[in-house]
Amino acid sequence: LLEKPGVQVYRYWEERPQPVQCDSPDLPTNCYVLPGQETLVLLVSYAREAVSAEVKVDLAALGLPAGAKVTDAETGQVLPFVGGKVTFPLKKHDLRLIRIGGG
């Protein structure tokens, strides 16, 4: 995805609207978007303990349909995506790569 033309990058420190956000400042996200096709989200944990990460996804901002699939990019496991949010456990100082859309 990163090498495809047209990829837009959203870094957690940028002061602009983010299409993907986490509910905790200890869980920053970087987002790599190929509008209308797929998005990769890198979520890093700076939390002091294991947490339940709640990630808000604006599918419209990503150009993706309402039924877009959310998966763990490493394992392929489909993650529950309800009400514009995906929630999953994240260990202390761990990271997670999530794919939204794509085939």
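**Exercise 1. How many bridges join strand β7 to β8, and in which sense do the two strands run?**

Solution. This is a predicted model. Start with the pairing: two bridges join β7 (residues 81-82) to β8, and the strands run antiparallel. Next, find a facing pair: Val82 stands opposite Lys85 in β8. Then look at the turn. Two residues lie between the strands of this hairpin, and Gly83 takes a positive phi near 60°.

**Exercise 2. Place β7 and β8 in their sheet, and find its edges.**

Solution. Step one: read the strand order. The sheet is open, has four strands and follows the order β2-β5-β8-β7, with antiparallel pairing. Step two: find the edges. β2 and β7 each have a single partner strand, so one side of each lacks a neighbour in the sheet. Step three: inspect an inner pair. β5 and β8 run antiparallel and are joined by six bridges. Ala53 stands opposite Phe88 in β8, and Glu54 stands opposite Thr87.

**Exercise 3. Sort the side chains of β8 by face.**

Solution. Recall the rule first: in a regular strand, side chains alternate between the two faces of the sheet. Now apply it. Val86, Phe88 and Leu90 point to one face and are buried. Lys85, Thr87 and Pro89 point to the other face and are not buried.

Follow one residue from each face. Phe88 is among the residues that touch the most other members of the largest nonpolar core. Lys85 is partly exposed, with a relative accessible area of 32%.

**Exercise 4. Which salt bridge ties β5 to β8, and how far apart in sequence are its partners?**

Solution. Take the side chains of Glu54 and Lys85: they meet in a salt bridge of 3.5 Å, N to O. Glu54 lies in β5 and Lys85 in β8, so the pair ties together parts 31 residues apart in sequence. Glu54 has 23% relative accessibility, so it counts as partly exposed.

**Exercise 5. Trace the salt-bridge network around Glu14.**

Solution. The whole structure holds five salt bridges. One of them joins the side chains of Glu14 and Arg11, at 3.2 Å, N to O. Another links Glu14 to Arg16, with the closest N and O atoms 3.0 Å apart. Shared partners therefore join Arg11, Glu14 and Arg16 into one network. Check exposure: Glu14 is partly exposed at 23% relative accessibility, as is Arg11 at 33%. Arg16 is also partly exposed, at 36%.

**Exercise 6. What is the strand order of the five-stranded sheet, and which strands lie at its edges?**

Solution. The order is β1-β3-β4-β9-β6, in an open sheet with antiparallel pairing. Its edge strands are β1 (8-10) and β6 (70-72), each pairing on one side only. Neighbouring strands are turned by 20° against each other on average, direction ignored. Inside the sheet, β4 (residues 38-44) and β9 (residues 95-101) pair over seven bridges, in the antiparallel sense. Val44 stands opposite Leu95 in β9.

**Exercise 7. Describe the largest nonpolar core.**

Solution. The core has 22 residues. Val20, Leu43, Val55, Phe88 and Ile100 touch the most other members. Now list the suppliers: β2, β3, β4, β5, α1, β8 and β9 each give at least two residues. Finally, probe Leu43. Beyond four places away in sequence, its contacts include Ala53, Val55, Phe88, Leu90 and Leu95.

**Exercise 8. Is His93 buried or exposed?**

Solution. Locate His93 first: it is found in the loop between β8 and β9. Its phi is positive, about 60°, although it is not a glycine. The cut-off for exposed is over 50% relative accessible area. His93 has 54% relative accessibility, so it counts as exposed.

Definitions and conventions. Residues numbered from 1 in each chain as written. Predicted model: local features only at pLDDT ≥ 70, side-chain atom pairs only at ≥ 80, totals over all residues. Heavy atoms only, no water. Pairing = 2+ DSSP bridges. Axes fitted to C-alpha atoms, helices over the stretch in contact; angles between N-to-C directions. Core = buried A, V, L, I, M, F, W, Y, C linked by side-chain atoms within 4.5 Å. Buried < 20%, exposed > 50% of the residue type's maximum accessible area, 1.4 Å probe, protein only. Contact = heavy atoms within 4.5 Å. Salt bridge = Lys/Arg side-chain N within 4 Å of Asp/Glu carboxyl O.
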